[in-house]
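Grab a coffee and have a look at the model below. Then try each exercise before you read its solution.

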Amino acid sequence: MNSSALFNGSMVLYLVATVAYFIYLAFRNEKVGVGATLVTALGFVAQTAAIGLRWKESYDMGFGHIPLSNMYESMVFWSWSIILIYLIFERVYRNRSLGVIAAPLGFLAIASISIASNISQEIEPLVPALQSNWLTVHVITSFLGYAAFTISFGVSVLYLILAADKRKDAFYVVGMASLVTMLTLFAATILDFAVQKIGGTVQPHLFAASFASHSPGVKIVSWIAAVGIFALFWYVGALYHERLAALFPGLRILDDLSYKMVMVGFPLLTLGIVTGAAWANYAWGTYWSWDPKETWSLITWLIYAAFLHARFTAGWRGKNTAVLSVIGFAAVVFTYIGVNFVLSGLHSYGSA
Amino acid sequence: MQGESPPVVDEKQPPPPAEAASAVVTKSWYDPLLKFFSSVHVAVITLIILAAISIIGTVLQQKNIGDVNDNMRLFQQFFGDAGRAQRAFDISEKIGFFHLYQTWYFYALLSLLSTSLIVCSLRRLPQTWKIMARPKVELEESGFKASPNRRTLTLPLSRAEAAATVVAALSKGGFGKRESERDGALYLFGQKGAYSRLGIYVTHFSIIMIFIGGILGSLYGFKAYMQITEGDTSDQIMMRGDEGRTATLPFKVRCDDFQVEYYPGGQRPKDYFSRLTVIDAGQETLHERIEVNSPLQYKGIWFYQSSFGDTGRGLKVSIRAVDPKTGAAHDLVFTGTDILDVPGTGVRVQMQRIFPDFMQDEMGRPTTRSNQPKNPVAAVQVLLPDGTSKLTYLFKHRPDLKTVAGLPVDLTFADFSSIQYTGLQVVYDPGVWVIWLGCAFMVIGLWFAFFSSHRRVWVRLREDGGATAVVLAGNANKNRERFTEEFERLGDAIEAAGGARS
């Protein structure tokens, strides 16, 4: 057994768990619910074992290091953190209805990186700058924080969709747009994966084959389809609004959950930034250099600080803070992925 | 956590002292200013503007980090027209977009944030302190009624006995106790975790500390670079961000050795380190091996391994020649383009050229990518006994690669060395400890602000025909669900200990 087989196993289990959580929600069948939790837990155990195994494999290759050093490994850890935080949450609050958010997000994180052909999955030796114990603390704290923000985002999107009483409500539109984006990523990942497994002649990258296609016709059709899918969700979502709302915990609880997750994520992100600064100071003698990655982590921090103040002191609730959580998550994604591909800097491991 | 339930008492922000005073005294000139800076909206908007403006500096290359001229390319891509791109470039340069984080308006925003932070904290602190230190012990009937957690018990005990039971339960639960007597009723009050209310002030204070640390570093510290060739001693440093200004260290540093190791394949450095000796007042005071993530510190000045390179001097190449007939091996050591004999074979070898970091250019000609010995290749001329000669390339990392077949001796590239230099980042930052202290305060403050709560319990005991009527009320400022459970346990404990009949 090697680590990548285990990673694939956990990925499949998270997908199964996603379906199971949906069935649980729709029929309120406790047995299915318990099953969903068990499958998620099993996936988590498999993923943990896979990370451990990959760690060992790196030692076997002669340059052992904790598997937290490149895009692939950090994305796997992100997925792992989302599931960990969710499982703790489920145990503490004895409520599994949010599994329907956490399981697909956990799946998406690991699956999307597994099929991305331009991302190396190889275990690579570390350059001297990365050979530091600070790497471990920095990555673990940052990603646990990111995971908490991810769950807050999922809950906030749900809130925005369920809280709307009118289809034209701008908050509802933001919620739906986020949902459709996530669902598109989810569907594209599964499709890509299926095509890759079959080994078909279809271009295995949906995005490259549609929005980024060389043919303007395909491009236009893709955009029209995207708008169409959005319009469909937007329209149908409002029709079944009541029934949807009945599936989930009340709005007050969702609002509270989103906030609690930010409260967990914020100190962790703070620790992530502080340990990053300490590491930079130890490696280069500069704790802060306004490198794009650092700056974007600060931007993320500022957005969540604004979230907390808006809620704690200015008394914002519900839709307003939910939108801040969505914006904050967009900043998280940009800090983590966008900076590597769009901007340049110290953390440019993703562009390799 | 922050539910919508009405608070029991005194949770609402009272009118700030300045406004209360303004009823009597005429408004002073700084009142509007104070009002502005103590507004949470101003603070939140400042946070958002800071976040938004910071984005510019991540898109455009900044001085001292990247190459500002890259921005010209970016503008050209964006505008598609050289004239407009040039104009955009000039304007951006003028308004400081290429050194955004050092502009006056960025500093102004940071100052606005600090001021708002200080004013907000100072105006709210007295009220918080009052809640913590001088709690209201005698809760009114309306307060008991409005409490989110409430319990009424009748204990078959005298009031003094009942009070003792309650006090015992409170102290067992970790609640500090105060009491007061009014209108024939005994009031007890217990609280714990009051300090958690200070968490947010500690966090705010820590941000100011970090700013102070940064200011101290930029006023009294320096960042510089020094380059020392192996065997040399130097005290000259080049200041960063200050075009070519040099300075002299109060002591000297000697580079005894520099080594770099590469991972197999040759392109990725695995490790590089320098052996340094500090010479202070003519005395060798410190020997240390430094590498990335392991700096040297002497008299508050830190030396970080930052770069390295080849001086191109003192080149030494060793080629191993094996005679396949006898198996005899000879090491030929070249220090230039000399010609050396391979003893007993009549073959002579001439060093033609060394490529420290071999590559082929577009035309397929051999060349070197850099001066770093990442992939050393030697071009040697093998002079055969019959007067002919053959040019062959020897790859240090690929001894199996032979470019010419049928040579009477087997040649391999054994070793390559030359005099290298080490590049050191030299930093003196007296503010860095303030920064770390600030960071520690921030994490501790956040912990208390988010994960511990101020929990309070009010009790009223009244004699009621031989028994004692006990009313309990309680609230927590955070984590209310958890507190409700705690409150119920507390009530149960009193009930059990006092032998209540409900």
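Below are four short exercises, each with a worked solution.

This is a predicted model, in which local features need pLDDT of at least 70 and side-chain atom pairs count only at pLDDT 80 or more, while totals for chains, interfaces and linings use all residues. Residues are numbered from 1 along each chain as its sequence is written, and chains are lettered from A and ligands numbered from 1 in the order in which they are written.

**Exercise 1.** Work out what chain A is built from, and how its radius of gyration fits the globule rule.

Solution. Start with the elements: chain A has 12 helices and zero strands, where helices (H or I, at least four residues) and strands (E, at least two) are DSSP runs, numbered from the N terminus. Next, the radius of gyration is 20 Å, close to the 20 Å from the globule rule for 352 residues, so chain A is as compact as a globular protein of that length. That radius is taken over C-alpha atoms, and the rule is 2.2 Å times the number of residues to the power 0.38. The C-alpha trace of chain A spans about 60 × 55 × 50 Å along its principal axes. Now burial: 49% of the 352 residues are buried (20 or more other C-beta atoms within 10 Å of a residue's own; exposed is 12 or fewer, partly exposed in between, with C-beta atoms placed from the backbone). Last, confidence: mean pLDDT (the predictor's confidence in each residue, from 0 to 100) is 85 for chain A, with 91% of its residues at 70 or more. Watch residues 345-352 of chain A, though, where pLDDT stays under 50. Where pLDDT is low, the predicted coordinates should not be read in detail.

**Exercise 2.** Describe the side of chain A that touches chain B.

Solution. Count first: 38 residues of chain A are in contact with 42 of chain B (contact means C-beta atoms, placed from the backbone, within 7 Å). Then find the elements: helix 10 (251-284) and helix 11 (292-312) of chain A are those giving two or more residues to this side. Helix 10 of chain A gives the most, with 12 residues. Finally, sort by class: 25 nonpolar, 10 polar and three charged residues. Here Ala, Val, Leu, Ile, Met, Phe, Trp, Tyr, Cys and Pro count as nonpolar, Asp, Glu, Lys and Arg as charged, and the others, Gly among them, as polar.

**Exercise 3.** Is Ser132(A) buried or partly exposed, and what does it touch?

Solution. Locate Ser132(A) in the loop between helix 4 (99-115) and helix 5 (133-163) of chain A. Ser132(A) counts as partly exposed because it has 17 C-beta neighbours inside 10 Å. Leaving out residues up to four places away in sequence, Ser132(A) touches Trp279(A), Ala283(A) and, across in chain B, Asn293(B).

**Exercise 4.** Trace how strand 2 and strand 3 of chain B go together.

Solution. Take strand 2 (residues 176-182) of chain B: zero of its seven residues are buried. Strand 2 runs antiparallel to strand 3 (residues 185-192) of chain B, with seven bridges joining them; strands pair if DSSP finds at least two bridges between them. Within this pairing, Lys177(B) stands opposite Gly190(B). The two strands form a hairpin with two residues between them, and Asp183(B) in the turn has a positive phi of about 50°.

How values were computed. Contact = placed C-beta atoms within 7 Å.
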